[in-house]
Amino acid sequence: MSNRILLGLDNGNKCTKTSEGYISASGFTKFDYEPISTNNLLVYEGKFYSIGSNRLCVQMDKTVNQDAFILSLPAIADAIDSAGVEGDVDVIIGVGLPIVNYGIFKKKFREYFLRQNIEFNFNKKDYKVDIVNCKVYPQGYASLITVFNNYRNILCNIIDIGGYTVDIFRVENGMIDSKSCYSLPDGIITLIANVQQELLKMNIRLTEGQVQDIIAGKEPVIFEADVKEIVEAIAKEYTENLLSKIQEYGFEFRNATVFTGGGSMLLKRYIEESSRVKYADFLDQFANARGYKILLEQELRR
């Protein structure tokens, strides 16, 4: 009898994360031959992929190519190792889509992952898996599931700040208000690009990681203090503009607001400093993936 694992898998445009705590930049470098560095090296269908070595371009429909599937294989390997199972493994995954695209891409996204006889090698270890089932859930709402009892009887805003989009909607008494669902193309990648463009005017080139570290409050090692001030000023302005735009969509920040997604954690101190938001709860970057697994387990028990 095959081993079986359940996994929540968040295929973000910026990072790939799982319910088991795996995280990697959503990108790879592809080689036809084995590269010098074998760290985080995936071998699949005769090609070599250095996972997390860069970030791929944003994709609204991830089923148009193999990228999201390739990025999912190391996450599955990590889950198999965490579960301590060996041999052929049956994998059941819960994945997610932005709430505004959920109805459009749900069936297509599920079928994208359903595959048999998948053989790959990651970090010099062989894996053989069948993805025997896949369930698709709405992003953001899956995060709320992880703290559902705290909000089951009230109205709350859900703000999911991701790499490319910011997905917003309201939940009242545990039910999604379908008329309140919006997806704004203002994710954290936009902020980082704006910072890089502004610094380029001074002939300063920072990587995404360097910009992200400064936004997160880490002290830059090699740059002048004014670079940090510029980055923080842009991040503060971005946060205020984003909150203002969300208010324009009819969201009342006197209600409880649950911020989720990696972008929310990155901007946490700017959101907390803003006078607009009265009550904010921040869920970490793995909340969606954990929620997918909880919903998956609930569905399989029925």
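Of the contacts between residues at least 6 apart in sequence, 65% join residues at least 24 apart in the chain. The model is a predicted one, and its chain contains 10 helices and 14 strands. The C-alpha trace spans about 55 × 50 × 30 Å along its principal axes. For 302 residues, a compact globule would be expected to have a radius of gyration near 19 Å, and the value of 20 Å found for the chain agrees with this. Buried residues make up 51% of the 302. The accessible surface amounts to about 14,300 Å², and carbon and sulfur atoms account for 47% of that area.

Nine of the strands are arranged in an open sheet of mixed pairing, in the order E3-E2-E1-E7-E9-E8-E5-E6-E4. Strands E3 (23-25) and E4 (28-31) occupy the edges; each has a single partner strand, so one side of each has no neighbour in the sheet. From one strand to the next, the twist averages 30°.

At the E4 edge, four bridges connect E4 with strand E6 (residues 47-51), and the two strands run antiparallel. Within this pairing, Phe28 has Ile51 of E6 as its bridge partner, and Lys30 lies opposite Tyr49 of E6. Strand E6 is also paired with E5, again through four bridges and in the antiparallel sense. Here Leu42 is the residue opposite Tyr49. Tyr49 of E6 thus faces Lys30 and also Leu42. E5 and E6 make up a hairpin in which two residues separate the strands, and Glu45, in the turn, has a positive phi of about 50°. E6 is mostly covered, with four of its five residues buried.

Thr29 belongs to the edge strand E4. With a relative accessible area of 27%, Thr29 is classed as partly exposed, because this value lies between the 20% limit for buried residues and the 50% limit for exposed ones. Apart from neighbours within four places in sequence, Thr29 contacts Phe48, Tyr49, Ser50, Ser53 and Asn54. Ile188 lies 159 residues from Thr29 along the chain, and the C-alpha atoms of the two are 22 Å apart.

Two helices are associated with the nine-stranded sheet. Helix H1 (residues 67-83) lies across strands E1 (3-11), E2 (15-18), E3, E4, E5 (41-44), E6, E7 (88-97), E8 (118-122) and E9 (125-138), and runs at about 135° to E1. Helix H2 (residues 102-113) packs on the sheet as well, where it touches E1, E7 and E9; the direction of H2 makes about 160° with that of E9.

A further open sheet is formed by five strands in the order E12-E11-E10-E13-E14, and its pairing is mixed. Its edges are strand E12 (175-184) and strand E14 (280-282), each of which has a single partner strand, so one side of each is left without a neighbour in the sheet. The twist in this sheet averages 20° from one strand to the next. Strand E10 (residues 155-161) and strand E13 (residues 256-260) run parallel and are joined by five bridges. One of the residues involved is Cys156, whose bridge partner in E13 is Ala256.

The count of disulfides in the model is zero. Cys181 takes part in no disulfide, and the nearest cysteine sulfur, belonging to Cys156, is 12 Å away. This distance is beyond the 2.5 Å within which two cysteine sulfur atoms are taken as a disulfide. Cys181 has a relative accessibility of 17% and therefore counts as buried, the limit being under 20%. Cys134 is likewise buried, with a relative accessible area of 0%.

Conventions. Residues are numbered from 1 along each chain as its sequence is written. This is a predicted model: local features need pLDDT of at least 70, side-chain atom pairs count only at pLDDT 80 or more; totals for chains, interfaces and linings use all residues. Side-chain values use heavy atoms; hydrogens and water are left out. Two strands pair if DSSP finds at least two bridges between them. Axes are lines fitted to C-alpha atoms, for helices over the stretch in contact, and angles run from 0 to 180 degrees between N-to-C directions. Contact means heavy atoms within 4.5 Å. Buried means under 20% relative accessible area, exposed over 50%, partly exposed in between (1.4 Å probe, protein chains only). The radius of gyration is taken over C-alpha atoms; the globule rule is 2.2 Å times the number of residues to the power 0.38. Accessible areas come from the Shrake-Rupley method with a 1.4 Å probe; for residues, only the protein chains shown count as cover.
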